[in-house]
Amino acid sequence: MSRIFAITNQKGGVGKTTTCVNLAASLAATKRRVLLIDLDPQGNATMGCGIDKHELEHSVCDVLLGEATIAQTRQDTELKGLTVVPSNSDLTAAEVALMTTDGRERRLREALAEVSSDYDYVLIDCPPSLNMLTLNALAAAQGVIIPMQCEYYALEGLSALVETIEQIRASINPGLQIEGLLRTMFDPRNKLANDVSNQLMTHFGDRVYRTLVPRNVRLAEAPSHGMPVIVYDKASRGAQAYLALAGEILRREQQPVVDMAGG
């Protein structure tokens, strides 16, 4: 049975798509079978995996509207073990259409049920808002990975996200929990970053990943070349950070999970 993680934060620019692409690639590099689902109309994760979002026969939009299956839509990447369900701007129309559809928040979960046994991990890249697309991701997922910068407004946004997760647990997906919080674009020389990091550790404890993702030029350059950073420059600090995160997640799978969504 696969582990399904939604990677989300309603605040933009926190490294959400960067995390989804590079964590997926890093898990694939450990010989795991990984499915990345791009649920953002911008299609950045699609492009970042080397798939042209302008040349799609089917996209995740068709999956959500019941016009294609994941098996018909998914595409292999150049990285062995990594498969993508791509996205493009059509997904914006799908979100509108879903508003009047029965069982609209369960569309992705139902589609995933047909293929989940094909993968060890499913990672869902969510748009930077708490909308119907994100709701589909949270309804389908077992865990939520929250990338965040250690800055003042991040804590306020995190509170809103935790409240949303609690509401979804109560109404749609009782198994949903916070898998982990990932500190991105981290600069240890910044006092505020360290202060916010300490607050996260105090409140969420072991749910905060020990891995820190630094600001890294190679990490920022890789998407423009249509490849994860471990393919673009495996020796870079960014690549090493995401490989370390993959290792941390795999080690956690061997331990009991402590539910911190309410905490």
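**Exercise 1. Which are the buried residues of H1?**

*Solution.* The model is predicted, and every step below works on that model.

Step 1. Locate the helix. H1 covers residues 16–29, which is 14 residues.

Step 2. Apply the cut-off: a residue is buried when its relative accessible area is under 20%.

Step 3. List the residues that pass. They are Lys16, Thr17, Thr19, Cys20, Val21, Asn22, Leu23, Ala24, Ala25, Ser26, Leu27 and Ala28.

Step 4. State the result as a fraction. With 12 of its 14 residues buried, H1 is mostly covered.

Step 5. Check the length of the helix. From the first C-alpha to the last, H1 reaches 20 Å, close to the 20 Å expected at 1.5 Å a residue.

**Exercise 2. How many disulfides does the count come to? Use Cys20 to explain how the rule is applied.**

*Solution.* Step 1. Write down the rule: a disulfide needs two cysteine sulfur atoms within 2.5 Å.

Step 2. Find the closest cysteine sulfur to that of Cys20. It belongs to Cys49, at 7.8 Å.

Step 3. Compare with the cut-off. The distance of 7.8 Å is too far, so Cys20 and Cys49 form no bond.

Step 4. Give the count. By this rule there are zero disulfides.

Step 5. Add the surroundings of two cysteines. Cys20 has 0% relative accessibility and is therefore buried. Cys150, at 8%, also counts as buried.

**Exercise 3. Examine the backbone angle phi at Lys31 and Met185, and describe where each residue lies.**

*Solution.* Step 1. Recall the usual sign. Most residues other than glycine have a negative phi.

Step 2. Take Lys31. Its phi is positive, about 75°, although Lys31 is not a glycine. Lys31 comes just after H1, in the loop between H1 and strand S2 (34–38). Its relative accessibility is 74%, so Lys31 counts as exposed.

Step 3. Take Met185. Its phi is near 50°, again a positive value in a residue other than glycine. Met185 lies in strand S7 (residues 177–186). With a relative accessible area of 25%, Met185 is partly exposed.

Step 4. Set the two side by side. Lys31 is in a loop, whereas Met185 is in a strand.

**Exercise 4. What is the order of the strands in the open sheet? Then follow the chain from S7 to S8.**

*Solution.* Step 1. Read off the order. The sheet has eight strands, arranged S3-S4-S2-S5-S1-S6-S7-S8, and its pairing is mixed.

Step 2. Identify the edges. Strand S3 (75–76) and S8 each pair on one side only, which makes them the edge strands.

Step 3. Look at the pairing of S7 with S8. The two strands run parallel and are joined by three bridges. Leu181 has Val208 as its bridge partner in S8, and Arg183 has Leu212.

Step 4. Follow the connection. The chain leaves S7, passes through helix H9 (residues 191–204) and enters S8; this β-α-β crossover is right-handed.

Step 5. Ask whether S8 is enclosed or open. Five of the seven residues of S8 (residues 208–214) are buried, so the strand is largely enclosed by the rest of the structure.

**Exercise 5. Which residues does Asp40 touch, not counting those up to four places away in sequence?**

*Solution.* Step 1. Place the residue. Asp40 is in the loop between S2 and helix H2 (44–48).

Step 2. Classify it. A relative accessible area of 4% means that Asp40 is buried.

Step 3. List the contacts. Asp40 touches Lys16, Ser87, Leu91, Asp125, Cys126, Pro127 and Pro128. Of these, Lys16 is also one of the buried residues of H1.

**Exercise 6. Describe the protein chain as a whole.**

*Solution.* Step 1. Count the elements. The chain has 12 helices and eight strands.

Step 2. Judge the overall form. The radius of gyration is 17 Å, close to the 18 Å that the globule rule gives for 263 residues, so the chain is as compact as a globular protein of that length.

Step 3. Give the extent. Along the principal axes, the C-alpha atoms fill a box of roughly 50 × 40 × 35 Å.

Step 4. Describe the interior. Buried residues make up 55% of the 263 residues. Among contacts with a separation of 6 or more, 79% join residues 24 or more positions apart.

Step 5. Take one pair as an example of distance. Gln254 and Glu55 are 199 residues apart along the chain, and their C-alpha atoms are separated by 40 Å. Gln254 sits in the segment after helix H12 (237–252). At 67% relative accessibility, Gln254 counts as exposed.

Terms used. Residues numbered from 1 in each chain as written. Predicted model: local features only at pLDDT ≥ 70, side-chain atom pairs only at ≥ 80, totals over all residues. Heavy atoms only, no water. Helix = DSSP H or I, 4+ residues; strand = E, 2+ residues; numbered from the N terminus. Expected span 1.5 Å × (residues − 1). Buried < 20%, exposed > 50% of the residue type's maximum accessible area, 1.4 Å probe, protein only. Pairing = 2+ DSSP bridges. Right-handed = clockwise from strand over helix to strand, strands pointing away. Rg over C-alpha atoms; globule rule 2.2 N^0.38 Å. Contact = heavy atoms within 4.5 Å.
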